[in-house]
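Welcome, and thanks for opening your viewer. Keep the selection tool at hand and follow the stops below in order.

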Amino acid sequence: MKDIYRGIPSKISSLRHDMNEYLVYKMREAGWKDISPSHGGIIYALLNHKVLSMKEIAVKVKRDPSTVTTLVNKLVELGFAEYTKNPNDLRSKQVSLTQKGKELYDDFHNISMGLTDTLLEGLSDDEIKRPMIGVVNTK
């Protein structure tokens with residue numbers, strides 16, 4: 001392995017930390033004082049899929065089902081999401097955003113675009129495309 005690649009895990013970890021700090025700051029700035037970036041993945045999934053089972057959310061956000069339950073319960077408690085019975089399986093619940101939850105879309109979109117712009121600032125199109133090809137093709 002080339003020495004130039006040895007620092008990649010450390011760089012990714014640092015970048016992830018910085019991204020999380022950016023998201024927390026921007027969420028607070030937008031008035032989201034009671035939710036965290038961890039809730040963002042669930043909100044994003046529900047904005048894109050309208051109604052999901054807890055299992056589907058866990059798969060989409062790549063989190064343990066018990067973690068998803070805790071995060072969704074917080075969103076329900078704050079009035080951003082609601083549970084309904086799953087008509088196909090009465091043993092399970094479905095989750096959807098409430099109107100209050102749907103109103104997060106503009107802030108969510110602006111924060112996400114701001115993060116992307118910040119990450120890509122100062123890079124040429126070619127500098128962005130080359131590593132993204134590898135990222136997209138990575139599992």
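Let's begin with a term: a residue is buried when its relative accessible area is under 20%, exposed when that area is over 50%, and partly exposed in between, using a 1.4 Å probe and protein chains only. By that rule, buried residues make up 27% of the 139 residues in the protein. You are looking at a predicted model, in which local features need pLDDT of at least 70 and side-chain atom pairs count only at pLDDT 80 or more, while totals for chains, interfaces and linings use all residues. Residues are numbered from 1 along each chain as its sequence is written, and side-chain values use heavy atoms, with hydrogens and water left out.

**Stop 1: the whole protein**

Show everything as a cartoon. Seven helices and three strands make up the secondary structure; helices (H or I, at least four residues) and strands (E, at least two) are DSSP runs, numbered from the N terminus. Followed along the sequence, the pattern reads α-α-β-α-α-β-β-α-α-α. The C-alpha atoms fill a box of roughly 55 × 35 × 25 Å along the principal axes.

Now switch on the surface. Its accessible area is about 10100 Å², and 54% of that belongs to carbon and sulfur atoms; such areas come from the Shrake-Rupley method with a 1.4 Å probe, and for residues only the protein chains shown count as cover. As for contacts, meaning heavy atoms within 4.5 Å, residues 24 or more positions apart account for 49% of those with a separation of 6 or more.

**Stop 2: the sheet**

Select the three strands. In what order do they lie in the sheet? The order is 1-3-2, in an open sheet with antiparallel pairing. Strands 1 and 2 are the edge strands, each pairing on one side only. From one strand to the next, the twist averages 35°; axes here are lines fitted to C-alpha atoms, for helices over the stretch in contact, and angles run from 0 to 180 degrees between N-to-C directions.

Zoom in on strand 2 (residues 81-86) and strand 3 (residues 89-97), which pair in the antiparallel sense over six bridges. Two strands are said to pair if DSSP finds at least two bridges between them. A hairpin of two residues joins strand 2 to strand 3. To see one bridge, pick Ala 81, whose partner in strand 3 is Leu 97.

Move to the other neighbour of this pairing: strand 1 and strand 3 run antiparallel and are joined by three bridges. Here, Val 51 has Ser 96 as its bridge partner in strand 3.

**Stop 3: two residues of strand 3**

Pick Gln 94, which is found in strand 3. Is this residue buried or exposed? Gln 94 is buried because its relative accessible area is 17%. Beyond its neighbours within four places in sequence, Gln 94 is in contact with residues including Val 51, Leu 52, Ser 53, Tyr 83 and Pro 87.

Next, select Asp 89, also in strand 3. Asp 89 has 24% relative accessibility, so it counts as partly exposed. Draw a distance from its C-alpha atom to that of Ser 53: the two are 36 residues apart along the chain and separated by 9.9 Å.

**Stop 4: helices on the sheet**

Add helix 2, which packs on the sheet and touches strand 1 and strand 3. The direction of helix 2 makes about 95° with that of strand 3. Then add helix 4, lying across strand 2 and strand 3 and running at about 115° to strand 2.

**Stop 5: helix 3**

Select Met 54, Ile 57, Ala 58 and Val 61, which are buried in helix 3. They lie on the same side of helix 3 because they cover an arc of only 100° around the axis, the arc being that of the directions from the helix axis to the C-beta atoms. Their cover includes helix 2, strand 1, helix 4, strand 2 and strand 3. On the face turned away from the buried side, look for the exposed residues Lys 55 and Val 59.

**Stop 6: two lysines in loops**

Most residues other than glycine have a negative phi. Yet Lys 50 has a positive phi near 65°. Lys 50 sits in the loop between helix 2 (37-49) and strand 1 (51-53), and counts as exposed because its relative accessibility is 57%.

Finish at Lys 62, just after helix 3, with a positive phi of about 55°. Lys 62 belongs to the loop between helix 3 (54-61) and helix 4 (65-77). With 73% relative accessibility, Lys 62 counts as exposed.
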